[in-house]
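The following exercises train the reading of a protein model. Each task is followed by a solution that proceeds in steps.

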Amino acid sequence: MILDWAREFNWDQVDTVLLDMDGTLLDLHFDSFFWMQHLPRRYGEKHGLSTAQAIPDIAQRLADKQGTLDWYCTEFWSRELDMDIVDLKREIKHLINERPQTLDFLRALGRRGKNRVLITNAHPDSVEIKFAVTGIQPLLDLVITSHDYGCPKEDQRFWQQLQQNMPFDPARTLFIDDSEPVLRSAQTYGIAHLLAIETPDSQQQSRPYFGFPAIQTFSQILHLGTGRETDG
Ligand SMILES: [Mg+2]
């Protein structure tokens with residue numbers, strides 16, 4: 001599937017590349033570990049529970065908010081759990097990492113003159129932590145968090161506001177994300193070119209095909225980003 005996509009995709013037909021952050025440019029392992037291990041452990045310590053006891057409690061709270069902006073909001077969870085989520089994230093910031101070939105891919109897009117736009121549901125506090133410990137920020141032309149718009153990428157209003165904020169041609173845009181609901185939302189809005197990530201979390205198995213062409217690592221499309229092998 002991806003071989004066909006990579007062979008047929010003509011990079012000249014896009015001028016804008018919209019990029020998700022967590023699970024796309026960056027390894028989702030940090031986020032998975034934070035919400036499923038680190039936060040339950042620290043929450044358990046606060047309330048006299050074992051980590052194993054706290055895990056289902058946190059998981060249920062998260063499930064109740066899935067797909068909403070609150071789910072991604074450090075301020076919401078800090079209030080909800082009465083804990084400083086940003087501080088807790090910093091405690092394990094050594095787990096934050098780019099996915100393989102992320103920086104090479106961003107550089108290649110830059111050399112081809114593509115407009116590289118980060119669109120993330122992550123809260124600005126989380127973006128700041130990720131930017132501080134990775135090399136992606138200087139390789140992005142624009143950074144947009146859905147918290148600025150008040151609705152997540154799953155919501156059509158996100159795309160309408162993005163269009164007003166940063167005029168772009170959906171027919172000449174490629175969007176790369178690891179979330180199926182988000183990719184479907186982009187498809188509904190009319191983004192012409194969509195690509196999924198098969199292995200967003202380096203510590204988990206690849207996910208089954210879910211209806212979009214998907215890559216495991218950027219190496220699979222890196223040469224397309226440069227156009228010519230001699231380019232870099
Ligand atoms: Mg993601």
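**Exercise 1. Two residues in loops**

Where is the place of Asp 82? Determine also whether Asp 82 is buried or exposed, and then treat Gln 101 in the manner set out below.

*Solution.* The model is a predicted one.

Step 1. Asp 82 is located in the loop between α4 (74–81) and α5 (85–91).

Step 2. A residue is exposed if 12 or fewer other C-beta atoms lie within 10 Å of its own. Asp 82 has 10 such atoms within 10 Å and is therefore exposed.

Step 3. The phi of Asp 82 is near 55°, which is a positive value in a residue other than glycine.

Step 4. Gln 101 lies in the loop between α5 and α6 (102–111). Gln 101 is not a glycine, yet its phi is positive, at about 65°.

Step 5. For Gln 101 the count is 18 other C-beta atoms within 10 Å, so Gln 101 is partly exposed.

**Exercise 2. The chain as a whole**

Which radius of gyration does the chain have, and which would a compact globule with 232 residues have?

*Solution.*

Step 1. A compact globule with 232 residues would have a radius of gyration near 17 Å; the chain has 18 Å, and therefore agrees with this expectation.

Step 2. The C-alpha trace spans about 60 × 35 × 30 Å along its principal axes.

Step 3. The secondary structure consists of 10 helices and six strands.

Step 4. Of the 232 residues in the chain, 36% are buried. Among the contacts with a separation of 6 or more, 67% join residues 24 or more positions apart.

**Exercise 3. Domains and core**

Into which domains is the chain divided, and where does the largest nonpolar core lie with respect to them?

*Solution.*

Step 1. The chain is divided into domain 1 (2–27 + 97–231) and domain 2 (30–94). Their centres, taken over C-alpha atoms, are separated by 26 Å.

Step 2. Domain 1 contributes 17 residues to the contact, and domain 2 contributes 14 residues. On the side of domain 1 that touches domain 2, helix α7 (residues 124–133) supplies the largest share, four residues. The residues of that side comprise six nonpolar, six polar and five charged.

Step 3. The largest nonpolar core has 50 residues, and those with the most contacts inside it are Phe 175, Ala 186, Leu 194 and Leu 195. Both domains give residues to this core, so it lies between them.

**Exercise 4. Two residues of the core**

Which residues does Leu 195 touch, not counting residues up to four places away in sequence? Which residues is Ala 186 in contact with, under the corresponding restriction?

*Solution.*

Step 1. Leu 195 is found in strand β5 (residues 193–197). With 22 other C-beta atoms within 10 Å, Leu 195 is buried.

Step 2. Not counting residues up to four places away in sequence, Leu 195 touches Leu 174, Ile 176, Phe 212, Pro 213 and Ile 215. The C-alpha atoms of Leu 195 and Asp 177 are separated by 6.7 Å, while the two residues are 18 residues apart along the chain.

Step 3. When neighbours within four places in sequence are left aside, Ala 186 is in contact with Trp 159, Phe 175, Ile 191 and Leu 194.

**Exercise 5. Confidence**

Over which residues is the pLDDT below 50?

*Solution.*

Step 1. The average pLDDT of the chain is 92, and 95% of the residues score at least 70.

Step 2. The pLDDT is below 50 over residues 225–232; this stretch has 16 contacts in the model beyond near neighbours in sequence.

Step 3. Where pLDDT is low, predicted coordinates should not be read in detail.

Note on methods
Residues are numbered from 1 along each chain as its sequence is written. This is a predicted model: local features need pLDDT of at least 70, side-chain atom pairs count only at pLDDT 80 or more; totals for chains, interfaces and linings use all residues. A residue is buried if 20 or more other C-beta atoms lie within 10 Å of its own, exposed if 12 or fewer, and partly exposed in between; C-beta atoms are placed from the backbone. A nonpolar core is a set of buried Ala, Val, Leu, Ile, Met, Phe, Trp, Tyr and Cys residues joined through C-beta atoms within 7 Å. Domain bounds come from an automatic or database domain assignment. Two residues are in contact if their C-beta atoms, placed from the backbone, lie within 7 Å. The radius of gyration is taken over C-alpha atoms; the globule rule is 2.2 Å times the number of residues to the power 0.38. Ala, Val, Leu, Ile, Met, Phe, Trp, Tyr, Cys and Pro count as nonpolar, Asp, Glu, Lys and Arg as charged, and the others, Gly among them, as polar. pLDDT is the predictor's confidence in each residue, from 0 to 100.
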